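Please examine the chain shown here, together with its sequence. The paragraphs that follow lead through its side-chain pairs, its covered parts and its surface.

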Amino acid sequence: MKTSFVIPCYGSEKTIADVVSELKQLVQSIPDCHYEIIMVSDASPDNVFQVIKSLCREDPEHCKGAELAKNFGQHAALMAGYRIATGDFILSLDDDGQAPIESVPQLIDALKNADLVFGSYAHKRHNLFRNFGSKVNDWMAEFLLGKPKKLHVTSFFAMRRFIKDEILKYDNAYPYLLGLLLRTTKNIVNVPVNHRERAEGKSGYTFRKLLRLWINGFTAFSVVPLRIATFCGFLCAFLGGLGVVWCIVNKVLHPDAPLGYSSMMTTILFVGGMLMLMLGMIGEYIGRTYICINKAPQYVIRSTTMENSNHE
């Protein structure tokens with residue numbers, strides 16, 4: 001059986017070589033282990049692709065590299081790596097050294113009885129902002145995508161080849177891996193692993209990038225926000241109807257009661273705000289559809305370390 005390790009790289013010029021070295025030491029200690037390591041630079045601002053090319057020159061049999069033409073995001077970089085991967089098992093991990101490489105055998109072993117395996121961290125070594133983002137992402141995945149509540153999702157995961165082949169059928173812009181994975185299989189398990197401290201640098205996820213990731217998730221793989229918008233519209237109409245009835249009854253019972261300007265303006269602002277919110281939500285869906293119809297690329301590969309490559 002062959003295992004493909006896919007590593008999206010961004011700002012990891014000083015860490016990727018150590019990650020690859022440790023990974024190779026581990027897999028080479030396993031008898032009859034066939035493997036490949038695929039590194040995809042997501043238009044990193046440092047010289048990480050030069051390091052990747054150096055690693056591939058040293059070991060062209062096991063190392064492959066690609067560079068995206070612009071920063072398409074971590075999920076797009078993973079999709080690019082998956083298209084290059086040829087293994088029976090595909091394992092994804094980060095480039096910062098935080099993934100517990102020593103736990104790779106446990107993830108692969110768990111694939112004997114599962115289609116998809118996520119490493120589960122008892123204590124994450126991220127900063128407070130990143131941990132908060134992970135919590136929000138988990139909540140959204142449960143509410144919008146139907147993620148099992150007890151399933152812990154991380155960037156350290158392994159899957160069978162048929163899962164990779166299925167998610168690669170999605171060729172639109174703005175890929176969201178969790179949505180693709182959850183709609184492909186229900187045979188998903190967790191394996192407890194330890195989370196390491198970051199070896200160098202800081203997380204590439206800013207608030208803007210996390211927000212964009214969340215929007216990708218619920219607009220590409222869920223219609224729940226549209227149903228919420230419908231419910232809010234019904235609720236506003238219902239409350240408005242009750243308000244009209246109350247005004248009529250109040251005027252009949254108390255003819256001299258003044259009609260409130262403040263309450264009227266509050267109602268107008270509330271209903272107007274809800275309408276704008278719902279129109280914006282619908283517009284987000286329409287905009288994504290428009291972008292996909294115009295064949296916006298999921299990613300563009302500038303160059304690879306493989307000769308005569310046909311990957312685009």
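A salt bridge, as the term is used here, is a side-chain nitrogen of Lys or Arg within 4 Å of a carboxyl oxygen of Asp or Glu. Lys164 and Asp165 provide one such pair, their side chains meeting at 3.6 Å, N to O. Lys164 is buried, because its relative accessibility is 4% and the limit for that class is under 20%. Asp165, in contrast, is partly exposed, with a relative accessible area of 37%. The model in which these features appear is a predicted one.

The overall plan of the chain can now be set out. The chain contains 10 helices and eight strands. It has 312 residues, of which 45% count as buried. Among the contacts in the chain with a separation of 6 or more, 84% are between residues 24 or more positions apart. The chain exposes about 17,100 Å², and carbon and sulfur atoms supply 60% of this area.

How many salt bridges does the structure hold? There are seven. In one of them, the side chains of Glu36 and Lys2 meet at 3.5 Å, N to O. Glu36 belongs to strand β2 and Lys2 to strand β1 (residues 2-9), so this pair ties together parts that are 34 residues apart in sequence. Glu36 is buried at 1% relative accessibility, whereas Lys2 is partly exposed at 28%. Salt bridges with shared partners join Lys2, Glu36 and Lys64 into one network.

Another salt bridge is formed by Arg302 and Glu67, with the closest N and O atoms 4.0 Å apart. Arg302 is in strand β8 (residues 301-304) and Glu67 is in strand β3, so the pair ties together parts that are 235 residues apart in sequence. Arg302 is exposed, with 54% relative accessibility, while Glu67 is buried, with a relative accessible area of 18%.

Glu67 also appears among the contacts of Ser41. Ser41 is located in strand β2 (residues 34-41) and is buried at 1% relative accessibility. Beyond its neighbours within four places in sequence, Ser41 is in contact with Cys9, Val48, Phe49, Ile52, Ala66, Glu67 and Leu68.

The loop between β3 (63-68) and α3 contains Phe72, a partly exposed residue with a relative accessible area of 21%. Lys70 lies over the face of Phe72, at 5.4 Å from the ring centre. Residues up to four places away in sequence aside, Phe72 touches Asp42, Pro297, Gln298, Tyr299 and Val300. The C-alpha atoms of Phe72 and Val300 are separated by 8.4 Å, although these residues are 228 residues apart along the chain. Helix α3 (residues 74-84) is mostly covered, with nine of its 11 residues buried; among them are His75, Met79 and Tyr82.

The structure holds one aromatic pair. Phe118 and Phe157 form this tilted pair, 5.3 Å centre to centre with 40° between the planes. The pair links distant parts of the chain, since Phe118 is in strand β5 (residues 116-121) and Phe157 in strand β6 (residues 157-160), 39 residues apart. Phe118 is buried at 1% relative accessible area, and Phe157 is buried at 4%.

The surface, finally, carries a nonpolar patch made of Phe231, Phe234, Leu235, Phe238, Leu239 and Leu242, with about 620 Å² of accessible area together. Phe238 of this patch is placed in helix α9 (residues 224-253) and is partly exposed, at 46% relative accessibility.

Methods: Residues are numbered from 1 along each chain as its sequence is written. This is a predicted model: local features need pLDDT of at least 70, side-chain atom pairs count only at pLDDT 80 or more; totals for chains, interfaces and linings use all residues. Side-chain values use heavy atoms; hydrogens and water are left out. Rings of Phe, Tyr and Trp (its six-membered ring) pair if their centres lie within 6.5 Å; planes under 30 degrees apart count as stacked, over 60 as edge-to-face and the rest as tilted. Helices (H or I, at least four residues) and strands (E, at least two) are DSSP runs, numbered from the N terminus. Buried means under 20% relative accessible area, exposed over 50%, partly exposed in between (1.4 Å probe, protein chains only). A charge sits over a ring if NZ of Lys or CZ of Arg is within 6 Å of the ring centre and within 35 degrees of the ring normal. Patches are made of residues with over 30% relative accessible area and no salt bridge: like charges are joined within 9 Å, nonpolar side chains (Val, Leu, Ile, Met, Phe, Trp, Tyr) within 5 Å. Accessible areas come from the Shrake-Rupley method with a 1.4 Å probe; for residues, only the protein chains shown count as cover. Contact means heavy atoms within 4.5 Å.
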